[in-house]
Amino acid sequence: MRELGSVTFRAFDTVCAVSADVDAAALREIEALCARYELLLSRFNPESRLSALNAAAGEWVDVGNELATVLRVALGYCERTDGLFDITMGDVCRLWDFKRGVVPDDAAIAEALAHVDWRNVQVEGTQARIIDPQTTIDLGGMAKGYIADRVIDLLKHCGATSGVINLGGNVACLGSKPDGSAWNVGLRAPVPSGGSLQAASFASVPVRGKSVVTSGVYERSFVRDGRVLHHILDPRTGKPAETDALSATVIADKSLDADGYTTALIIMGAEQALTFAEQSPGIEAILLTTNARLLKTTGITTKGARLRVG
């Protein structure tokens, strides 16, 4: 049985950890790979290709094959969720500051919302443009899923057969544990703590060779006038989604699929989200509701599901 090597590093404004049956050189290569993708996909880095596209004032930009591919895939999620996942929410997201508890006024939100429409993004070959010069693309809702899949590809190329990648809660598993058992990926639920919501583990799912991604209203939030304001913004309003889904977990073969749907499922609300997930090939979902119900698609089994909510 081969032992797992591990590396922990900071990227994408979060802590990332990778464990796999590869040598130290391969683990360093993974860290370098993540740094390269951050440069490619971050809207916050002025030197990224995405930033160049956002600054192009409606002109066509050669973004390269990889970013063009990511954009095409992202637009597919926008279409399949009827815009509840929308990569053009960049300017709306910029208005909110969940670390400092900043709430933008309605006029500023309305002005930014006027430029939110994923149909403004066009991709042809390696060329891309944003029709509305005031529209800003933000790929944060699916970038880590894409990157996790590329890390899995690199691990396989290096000869790995067992591993787990955790990019700030975005988990992707390669094969099984070295002893042949399944990886158990913990699920989290929000609980009140110090004027906001924090995560507490309430269940786990056993997986082999799959990705598990959870989005929840507890990830970045603050309380204002007795109301919890969270970072999952509804593209229809520009404000925190009004939903009965506290968290949504998606399990899929590809981390990109798992990442691409979680936010939209929360915005949909629990019942609609469950129906959507059942009708979407290749994914399973677990939804935790505001009244502590645990909803699951038919292909899901959970281990140790004991809720601690409220």
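## Cysteines

The count of disulfides here comes to 0, and keep in mind that this is a predicted model. A disulfide is a covalent bond between the sulfur atoms of two cysteines. Why does Cys 16 not form a bond with Cys 34? The sulfur of Cys 34 is the closest cysteine sulfur to that of Cys 16, but it sits 5.7 Å away, which is too far for a bond. The cut-off for calling a disulfide is 2.5 Å between the sulfurs.

Buried or exposed: where does Cys 16 fall? Cys 16 has 0% relative accessibility, so it counts as buried. Cys 93 comes out as partly exposed, because its relative accessibility is 29%.

## The chain as a whole

Zooming out, the protein chain holds 8 helices and 15 strands. Of its 310 residues, 54% are buried. The chain exposes about 14000 Å², with carbon and sulfur atoms supplying 48% of that area.

How much of the contact map comes from residues 24 or more positions apart? Taking the contacts with a separation of 6 or more, such pairs account for 60%.

## A three-stranded sheet and its helix

One piece worth a look is an open sheet of 3 strands, ordered E3-E5-E4 and paired in antiparallel fashion. Strand E3 (61-62) and strand E4 (121-124) stand at the edges; each has a single partner strand, so one side of each is left without a neighbour in the sheet. Helix H3, spanning residues 64-80, packs on this sheet and touches E3, E4 and E5. The direction of H3 makes about 130° with that of E4.

How many bridges join E4 and E5? The antiparallel pairing of E4 with strand E5 (residues 127-130) runs over 4 bridges. Within it, Val 121 stands opposite Ile 130 in E5.

## Ala 241 in its loop

Now for a single residue. Ala 241 lies in the loop that links strand E12 (227-230) and strand E13 (245-252). Is this loop residue buried or exposed? Ala 241 is buried, because its relative accessible area is 7%, under the 20% cut-off.

Which residues does Ala 241 touch, leaving aside those up to four places away in sequence? Its contacts are His 230, Ile 232, Leu 233, Asp 234 and Ile 267. As for Val 217, that residue is 24 residues from Ala 241 along the chain, and their C-alpha atoms are separated by 9.0 Å.

Methods: Residues are numbered from 1 along each chain as its sequence is written. This is a predicted model: local features need pLDDT of at least 70, side-chain atom pairs count only at pLDDT 80 or more; totals for chains, interfaces and linings use all residues. Side-chain values use heavy atoms; hydrogens and water are left out. Buried means under 20% relative accessible area, exposed over 50%, partly exposed in between (1.4 Å probe, protein chains only). Helices (H or I, at least four residues) and strands (E, at least two) are DSSP runs, numbered from the N terminus. Contact means heavy atoms within 4.5 Å. Accessible areas come from the Shrake-Rupley method with a 1.4 Å probe; for residues, only the protein chains shown count as cover. Two strands pair if DSSP finds at least two bridges between them. Axes are lines fitted to C-alpha atoms, for helices over the stretch in contact, and angles run from 0 to 180 degrees between N-to-C directions.
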